[in-house]
Amino acid sequence: MIETAVMLAGGKGTRLRPLTYTTPKPLLPVGNLPIMDHILNLLFLHKFRKIVIAVNYLGDQIINHLIAKWVDKGVEIIAPLINPADTADAVRKLSNYIDGDFIVTMGDVITNIDLRSFADYHEKSGNVASIALIEVPLLRDFGAVLVDHEGYIHHFLEKPDLQEMYVASVAFAMSIARRINLFANLANSGFYAFKREILEILEDSPHLMDFGKHVFPWLLENGYKVSGWYAADAYWIDVGRPATFLRANFDLLDGNAEPLKPYGKAINGNYFGENIELGHGTTIIPPVALGDNIQVEDGAVIGPYAVIGSDTFIGKNTQIRYSVIIGKTRILENVLIENSILAKNILIENNTVIKENSVIGDEVVIRSGSILGPGAVVYQ
């Protein structure tokens, strides 16, 4: 049984700036839990007992988090600081820590993929590599694959348009005897399984830097078989942009990614942490997730779809909906926050409006009477 997982958690999260200027993307919270904790919980649930984490950008924060929260969980975690050129190079640099066959996971997506079934499928296939494939509505932001009826991958298309997909499928159908299907809605999830042999290939081929762009095409060109495993009914979302970060939070509130769920105790469609004080006339409209040590004053309206992190103060008659407040923030009176993301240690003064896909970075002060949006981005 495969028990080793490699988590890639070193990216800079540039599309989520300013949130990632001071917090590494894997530690950004979804449902008031860091993204990487959701994946670690999934690995623990599926009986992976050794997890090697590639740490780079703001890596000290990740290491400190792992020490604080994961040391006594009964799983071996190794998190070396490395400086890789890309995904495959990260695994290359971690090879001394990897025992036997292994899987590779992303540390910055939210998914409930059955990683044990995926690992078992790969082990039974006997192939050097397998890729978990997920269903997406559009492939323009993902890599498409050409897969035959036995599940073998024959070709990769990196973020193709419709014409490229059609031409590729026709060409392959004409060039080889067996029937080739282009699964137009199946994409590379970024979750892989490998025989340990891949480490020797990476060592002998230092020019192979990225799995999708370099390693998998090289394997096919050199006669290796690569399997595609369809993660049927799995939830998967790349939280690399503010819009998808919000969507992931809301989807967890809706229970779309079970067994993943927000932090806190579930009560009537909401999730509540410890030490929450609700003022007179406060209205909670489900679904909502509130962290620890939150004070909400009289007449405030929270929800629907509000995720509010720990150590946050919300003043009288303030309304927060379809938004994420990461935490340690003071929001004063008569404030409206809608369809927006607020980072940490922020002060929002009275009579302020923040809406329509605005993003506020750490340590910002928004003065009384300000109106921000659509698409406002504010940071120090």
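Q: Which residues form a nonpolar patch on the surface, with about 300 Å² of accessible area together?
A: This is a predicted model, so let us start from the outside. Val377 sits in strand β33 (residues 377-378), and at 46% relative accessibility it counts as partly exposed. The patch that includes this valine is made up of Tyr21, Val377 and Tyr379.

Q: Which residues touch the most other members of the largest nonpolar core?
A: Nonpolar side chains tend to be buried together in soluble globular proteins. Here the largest nonpolar core has 117 residues. Those that touch the most other members are Val91, Ile110 and Phe216.

Q: Which residues is Ile110 in contact with, leaving aside its neighbours within four places in sequence?
A: Ile110 is a good place to look inside, as one of the three residues that touch the most other members of the largest nonpolar core. Leaving aside neighbours within four places in sequence, the contacts of Ile110 are Val30, Ile35, His38, Tyr235, Trp236, Ile237, Val239, Ala248, Leu252 and Leu260.

Q: What is the radius of gyration of the protein chain, and what does the globule rule give for 380 residues?
A: The chain has eight helices and 33 strands. Its radius of gyration is close to the value from the globule rule, so the chain is as compact as a globular protein of that length. The two values are 22 Å for the chain and 21 Å from the rule.

Q: What percentage of the 380 residues count as buried?
A: The accessible surface of the chain comes to about 16400 Å², and 49% of that belongs to carbon and sulfur atoms. As for the residues that count as buried, their share of the 380 is 53%.

Q: Where do the prolines that follow Gly303 and Gly373 lie, given that each is joined by a cis peptide bond?
A: Most peptide bonds are trans, which makes these two worth a look. The bond from Gly303 to Pro304 has omega near 0°, and the one joining Gly373 and Pro374 has omega of about 0°. Pro304 lies in the loop between β20 (301-302) and β21 (306-308), and Pro374 in the loop between β32 (371-372) and β33.

Q: Is Asn32, with its positive phi, buried or exposed?
A: Most residues other than glycine have a negative phi. Asn32, in the loop between β2 (29-30) and β3 (33-34), has a phi of about 65°. Its relative accessibility is 15%, and under 20% means buried, so Asn32 counts as buried.

Q: Is Asn268 buried or exposed?
A: Asn268 also has a positive phi, of about 55°, and is found in the loop between β14 (265-267) and β15 (270-272). Its relative accessible area is 69%, and over 50% means exposed, so Asn268 is exposed.

Q: How many residues apart in sequence are the parts that Asp238 and Arg15 tie together?
A: Their side chains meet in a salt bridge (3.3 Å, N to O). Asp238 lies in strand β13 (residues 236-238) and Arg15 in the loop between β1 (4-8) and β2, so the pair ties together parts whose separation in sequence is 223 residues.

Q: Which residues are linked with Arg15 and Asp238 in a network of salt bridges?
A: Asp238 is partly exposed at 24% relative accessible area, and Arg15 is partly exposed at 45%. The other residues linked with this pair in the network are Lys25 and Asp108.

Q: Which residue forms a salt bridge with Arg92 and also with Lys93?
A: For Arg92 the closest N and O atoms are 2.7 Å apart, and for Lys93 they are 2.8 Å apart. Arg92 is buried at 12% relative accessibility, whereas Lys93 is partly exposed at 40%. The partner lies in helix α3 (residues 87-93), three residues from Arg92, and is Asp89.

Terms used:
Residues are numbered from 1 along each chain as its sequence is written. This is a predicted model: local features need pLDDT of at least 70, side-chain atom pairs count only at pLDDT 80 or more; totals for chains, interfaces and linings use all residues. Side-chain values use heavy atoms; hydrogens and water are left out. Patches are made of residues with over 30% relative accessible area and no salt bridge: like charges are joined within 9 Å, nonpolar side chains (Val, Leu, Ile, Met, Phe, Trp, Tyr) within 5 Å. Accessible areas come from the Shrake-Rupley method with a 1.4 Å probe; for residues, only the protein chains shown count as cover. A salt bridge is a side-chain nitrogen of Lys or Arg within 4 Å of a carboxyl oxygen of Asp or Glu. Helices (H or I, at least four residues) and strands (E, at least two) are DSSP runs, numbered from the N terminus. Buried means under 20% relative accessible area, exposed over 50%, partly exposed in between (1.4 Å probe, protein chains only). A nonpolar core is a set of buried Ala, Val, Leu, Ile, Met, Phe, Trp, Tyr and Cys residues joined through side-chain atoms within 4.5 Å. Contact means heavy atoms within 4.5 Å. The radius of gyration is taken over C-alpha atoms; the globule rule is 2.2 Å times the number of residues to the power 0.38.
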